[in-house]
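Here's a walk through one protein chain and the ligands it holds. Have a look at the sequence and the fold first, and then we'll go pocket by pocket.

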Amino acid sequence: MSEVQTHFRTCNICEAMCGLEISHQGGAIVSIKPDRQDPFSRGHICPKAVALQDFHADPDRIRTPLRRTGSGWREISWGEAYAEIGQRVRAIQQQYGSDSVGTYLGNPNAHNLGNAVFLPQFQKALGSRNRYSSASADQLPHHVAANYMFGASMAIAVPDIDRTDFMLIIGGNPVVSNGSMMSGAGMPGRIKAIQKRGGKVVVVDPRHTETAKIASEHLAIRPEADALLLFALIRTVIEEDLVDFGQLGDMVDGYDRIAAASADFTPERVCDAVGISAHRIRCLGREFAAAPSAVCYGRMGASAQSFGGLCQWLTVVLNVVTGNFDREGGAMFPQPAFDLLARVQRNDPGARPPTRSRVRQLPLFSGEFPVATLADEILTEGPGQIRAMFTVAGNPVLSAPNGDRLDTAFAQLDFMVSVDIYLNETTRHADIILPATTGLEIAHFDVFFNSFAVHNTAKYSPPLFQAKGEQRHDWQILKGLIGCLTGAVDDGTTPEMLLDAALRSGPYKDQGLSLTTLLEHPHGLDLGPLRPCARERVRTLNGHIQLAPDLYLNDLSRLNAALHDDAADREHYPFKLIGRRLVWNHNTWTQNSRRLLKGTGRISVQLHSSDASRLGVGSGQFVTVRSRTGQLDIEVEIDDDMSPGVVSIPQGWGHHRPDIGMRLAAEQPGVSINSLTDSGRIDPLTGNAAFNGTPVAISAARQAA
Ligand SMILES: Nc1nc2c(c(=O)[nH]1)N[C@H]1C(S)=C(S)[C@@H](COP(=O)(O)OP(=O)(O)OC[C@H]3O[C@@H](n4cnc5c(=O)[nH]c(N)nc54)[C@H](O)[C@@H]3O)O[C@H]1N2
Ligand SMILES: Nc1nc2c(c(=O)[nH]1)N[C@H]1C(S)=C(S)[C@@H](COP(=O)(O)OP(=O)(O)OC[C@H]3O[C@@H](n4cnc5c(=O)[nH]c(N)nc54)[C@H](O)[C@@H]3O)O[C@H]1N2
Ligand code: SF4
Ligand SMILES: [Mo]
């Protein structure tokens, strides 16, 4: 019997970047524990990390390239796969143009070093402007605000959570999600620490969430009213003479336009629509401005909604006008070792209006169109129609708004290729599925999430296990695809080479940081707390923060209209649907692990007891939930954590289709919230999906439990 060995690595599942200490013996896992010496995660993990071994050993993982046949799937060689892909894709592009082949990139790409560095080359080789990703179902409004206000979409300021005295969390549930656009492990401890040092945490959320339960105060807001609240807070700060730019006084443009625009959104005017009293809003504005340091942070509830763009813009404005931007305890720019801003030139993003999509004229940001219009681009005939697709690490049939329509659209494509680890709701439509490695089988360095991290660190983890069967690394597959599309010969570049080059030219080059240094520090390297650096990182033409870009001011008439309830909508769809995340699953793909499935419990619609009694339904009973575009049956869970009139369904579920290859997941399929969400509901400013606030009707269902 071989000896027990120890391996240190970073968990690649979510943004928290937890350090793991893995004991293994003879190719089998003995234990997966937190790495207490990891300078970033400091001994934190969640239940999902332990499941990394399940994904590695999972017999349902795809191990060989698969070709769809009339009756099922046939294993093929890589040579055969690439030959067919090259020939079919080139033929389609020749006949219908480069844009006739679309791409969709899902969330795991952001956690994968090889994909981060080789996807741009793949996109270039394909040469299509029809690019889509999960970003437009998620954090796109953050990037648009960063681009228009700071000149670079990756210039994201994050809460300095470990030093702040006042944290205002709008539409985020870090106790369950482990933090997002605010990467940092052990969020519950960090939130409690704010209160222990005499500070305050206020959570604004229509649900009394797990985070609200450990916060100092919870304000139950009406769904999608956050931009109104934010404006009223800013208005309070202005009216009560509390504006203070701190160290940034000479680098802020547009304040007068903010002052003028905010006049329409006083606490007294917005309070009914927001559902929080004018008095409470004013007090909150004063408290925020008076705190020694404070930070406002908005996440999915404030992004994936009809005013996501305005919310993320106003969040920055509130931080700036109270002197809480680029200072300790406020919102700060991380300085990652692999610096994605390194090559961004000074520019003026507002100089030209964004390119628009073919069918719905939705904006192109960061080189992508909104996923909410992907089905339209496939189903609507005419020049420029998408006829073939590549999906890489994405499952939009379950994750995109009105995923059922995308299910129909994918079925009609001439050709589709998926790079994935499972045969699932999306990849089942592919003609060819290419099997990727993941988790314990890959090298890891977080290119993206170190750019959103609450503390600067760097860590590289080599693969622990070899790929099984014919599996290849995503980056090797991408290189193979580039080869078959262009005929280019592989130049031998590896992700490690590109990482090393980035480290050697990055912000820590003077300290001699390189891949070699990281290899010498298997627990990771501490690069220090966040420090003020806006003057180095802002990329606008004059180097100033742009507080009032036209893009946002032009959207304010829409916000004004939101002060009045849509009575017609309310009559047919009396409830507002919001999403929720569960501790034991990550989006749609971790459900094929027995231990995670067991921990999950029931997939239910949560509703307030007053709503349940009005509907005459009890916990455990099934109801039919209907939206303008879909319906589903789901079990009721009466829960007074919900605001009356607001109901919640978890995201990431619905593995019920008989022809998927995730056999465990199919045992407890749940339903997909995105059978209800409407791809017509977007934030028109950014094109981001507006999942939250979807109007729904509920009635008792016939189906038995
Ligand atoms: N209603 C509603 N919808 C939502 C959300 C919500 O809150 N509410 N949240 C949205 C958010 S924030 C996100 S990020 C999106 C996620 O949307 P997606 O990214 O489309 O969904 P995932 O479940 O993350 O899909 C991951 C896919 O990658 C595969 N995979 C996993 N690891 C690897 C790997 O290493 N390599 C490869 N090649 N494939 C891999 C999985 O099998 C799966 O097919 O969902 C969005 N959808
Ligand atoms: N366990 C687990 N962790 C995850 C994931 C997972 O699937 N499972 N997914 C990961 C991903 S991809 C992401 S992007 C992050 C997301 O991280 P978070 O944004 O922290 O997670 P969510 O649970 O989506 O939190 C959104 C919150 O917004 C609230 N909300 C809904 N509508 C509104 C509204 O109109 N206004 C306000 N103020 N609040 C509203 C919801 O009640 C919810 O509490 O989580 C990551 N972490
Ligand atoms: S919190 Fe995220 S990174 Fe940490 S162990 Fe859990 S899934 Fe992995
Ligand atoms: Mo996400």
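Which domains each give at least three residues to the shell around ligand 2? They are domain 3 (141-336 + 542-557) and domain 4 (565-702). Keep in mind that this is a predicted model.

## How the chain is divided

The domain assignment splits the protein chain into domain 1 (5-57), domain 2 (75-128 + 343-446 + 456-528), domain 3 (141-336 + 542-557) and domain 4 (565-702). Domain 2 is written as three segments, and domain 3 as two.

## Ligand 2

Start with the neighbours. There are 33 residues around ligand 2, and Asp205, Glu224, Asp226, Leu582 and Asn585 come nearest. By class, that shell breaks down into eleven nonpolar, 14 polar and eight charged residues.

The backbone does some of the polar work here. A polar backbone atom of Asn585 sits 2.6 Å from a nitrogen atom of ligand 2, and a backbone N or O atom of Val204 is 3.1 Å from a nitrogen atom of the ligand. Over at Gly171, a polar backbone atom lies 3.3 Å from an oxygen atom of ligand 2. How much of ligand 2 does the protein cover? Of the 920 Å² of accessible area that ligand 2 has on its own, 98% is covered. As for secondary structure, α6 (174-177), α13 (300-303) and β21 (575-580) are the elements giving two or more residues to the shell. The largest share, three residues, belongs to α6.

## Ligand 1

Now for ligand 1, which has 30 residues around it; Asn107, Ser399, Asp420, Asn424 and Thr588 come nearest. Sorted by class, its shell has 13 nonpolar, 13 polar and four charged residues.

Side chains turn up among the polar contacts this time. The side chain of Asn424 has an N or O atom 2.7 Å from an oxygen atom of ligand 1, while a polar side-chain atom of Thr438 is 2.8 Å from an oxygen atom of the ligand. Asn395 uses its backbone instead, with an N or O atom 2.9 Å from an oxygen atom of ligand 1. On its own, ligand 1 has 920 Å² of accessible area, and the protein covers 97% of that. Two elements, α16 (396-399) and β16 (415-420), give two or more residues to the shell.

Why can we say that ligand 1 lies between domain 2 and domain 4? Both domains give residues to its shell, so that's where it lies.

## Where domain 2 meets domain 4

That brings us to the contact itself. The centres of domain 2 and domain 4, taken over C-alpha atoms, are 29 Å apart. Domain 2 puts 25 residues into the contact, and domain 4 puts in 29.

Between them the two domains bury about 2,200 Å², with 52% of it on carbon and sulfur atoms. On the domain 2 side, Leu398, Asn402 and Tyr422 lose the most area to domain 4, and together they make up 27% of what that side buries.

## Ligand 3

Last up is ligand 3. The residues around it include four cysteines, Cys11, Cys14, Cys18 and Cys46. Ile13, Ala16, Met17, Ile45, Lys48, Ala49 and Asn178 surround it as well. By class, this shell has nine nonpolar residues, one polar and one charged.

How values were computed:
Residues numbered from 1 in each chain as written. Chains lettered and ligands numbered in written order. Predicted model: local features only at pLDDT ≥ 70, side-chain atom pairs only at ≥ 80, totals over all residues. Heavy atoms only, no water. Near = heavy atom within 4 Å. Polar contact = N/O pair within 3.5 Å; in protein donor to acceptor, adjacent residues only side chain to side chain. Areas by Shrake-Rupley, 256 points an atom, 1.4 Å probe, with all protein chains shown as cover. Helix = DSSP H or I, 4+ residues; strand = E, 2+ residues; numbered from the N terminus. Nonpolar A, V, L, I, M, F, W, Y, C, P; charged D, E, K, R; others polar. Domains from an automatic or database assignment. Contact = heavy atoms within 4.5 Å. Buried area = accessible area lost by both parts, 1.4 Å probe.
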